[in-house]
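Me: I'd like to go through this protein term by term. Please set each value against its cut-off.

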Amino acid sequence: MRSLTVLYDSTCDLCRAARVWLEREPMFIPLNFVAAGTPLAKRRFPQLDVASTLRDITVIDDEGSVYRGAKAWVLCLWATRRYRAWALTLGSPRAMPAAKRFVNWVSRHRGQLGAAGWVLRRMG
């Protein structure tokens, strides 16, 4: 794996803050960010459902495999130098169900979290 493309909702405060945070992290694997639903995203990934990519973070590896939700977040963490160990823990069969529940909860409440500025203060 040489690089990952991250499709994210560029209208979401939480998503933008996560992008900025990840861009500042030292990486083992480079992350390339593309705003979901844009002409570029549609051109590069015509097989993906636009609504799905706006609803859940979506990561595509350089071989074309697609990861969504918690698996996508774990893969983003795995790409970083600082959080790879966390990714290995969260991606384990024992921890992944809890990671999925957490990511799903955050996804459902991302508007309120971002609007409140909570995420921006913690990630910025």
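Me: What percentage of the 124 residues of the protein count as buried, and what makes a residue buried?
Reply: The share is 40% of the 124 residues. Buried means a relative accessible area under 20%; exposed means over 50%, and partly exposed lies in between (1.4 Å probe, protein chains only). This is a predicted model: local features need pLDDT of at least 70, side-chain atom pairs count only at pLDDT 80 or more, and totals for chains, interfaces and linings use all residues. Residues are numbered from 1 along each chain as its sequence is written, and side-chain values use heavy atoms, leaving out hydrogens and water.

Me: How many helices and strands are there, and what counts as one?
Reply: The protein has eight helices and four strands. Both are DSSP runs, numbered from the N terminus: helices are H or I with at least four residues, strands are E with at least two. Starting at the N terminus, the order is β-α-β-α-α-β-β-α-α-α-α-α.

Me: Why is serine 52 called buried?
Reply: Its relative accessible area is 10%. The limit is under 20%, so serine 52 is buried. Serine 52 sits in helix H3, residues 50-55. Beyond residues up to four places away in sequence, serine 52 touches Thr58 and Arg68. Contact here means heavy atoms within 4.5 Å.

Me: What makes aspartate 49 partly exposed?
Reply: Aspartate 49 has a relative accessible area of 45%. That falls between the two cut-offs, so partly exposed is the term. Aspartate 49 is in the loop between helix H2 (39-44) and H3. From its C-alpha to that of alanine 36, 13 residues apart along the chain, the separation is 10.0 Å.

Me: And how do you know that arginine 24 is exposed?
Reply: Arginine 24 comes out at 55% relative accessible area. Exposed starts over 50%, so arginine 24 qualifies. Arginine 24 belongs to helix H1. Its C-alpha is 9.9 Å from that of threonine 80, 56 residues apart in sequence.

Me: How do you know that the buried residues of H1 are on the same side?
Reply: The buried residues are Leu14, Cys15, Ala17, Ala18, Trp21 and Leu22. They cover an arc of only 160° around the axis, which puts them on the same side of H1. The arc is that of the directions from the helix axis to the C-beta atoms.

Me: What makes the span of H1 close to the expected one?
Reply: H1 (residues 13-24) has twelve residues and spans 17 Å, first C-alpha to last, against an expected 16 Å. The expected span is 1.5 Å times one less than the number of residues. H6 has 13 residues and reaches 18 Å, with 18 Å expected.

Me: What makes H4 largely enclosed by the rest of the structure?
Reply: Eight of its eleven residues are buried, so the description fits. They are Gly69, Ala70, Ala72, Val74, Leu75, Cys76, Leu77 and Ala79.

Me: Why are H4 and H6 called roughly perpendicular?
Reply: H4 (residues 69-79) and H6 (residues 96-108) pack at about 105°, with axes 8 Å apart. Axes are lines fitted to C-alpha atoms, for helices over the stretch in contact, and angles run from 0 to 180 degrees between N-to-C directions. Under 35 degrees is roughly parallel, over 145 roughly antiparallel, 65 to 115 roughly perpendicular, and the rest oblique. The angle of about 105° therefore makes H4 and H6 roughly perpendicular.

Me: Which residues of H4 and H6 meet?
Reply: Gly69, Ala70, Lys71, Trp73 and Val74 of H4 meet Met96, Ala99, Lys100 and Val103 of H6. The residues of this contact divide into six nonpolar, one polar and two charged.

Me: How do you know that the buried residues of H6 line one face?
Reply: Met96, Ala99, Val103 and Val106 are the buried residues. Down the axis of H6 they fall within an arc of 90°, so they line one face. Arg101 and Arg108 are exposed on the other side of H6.

Technical notes: Nonpolar A, V, L, I, M, F, W, Y, C, P; charged D, E, K, R; others polar.
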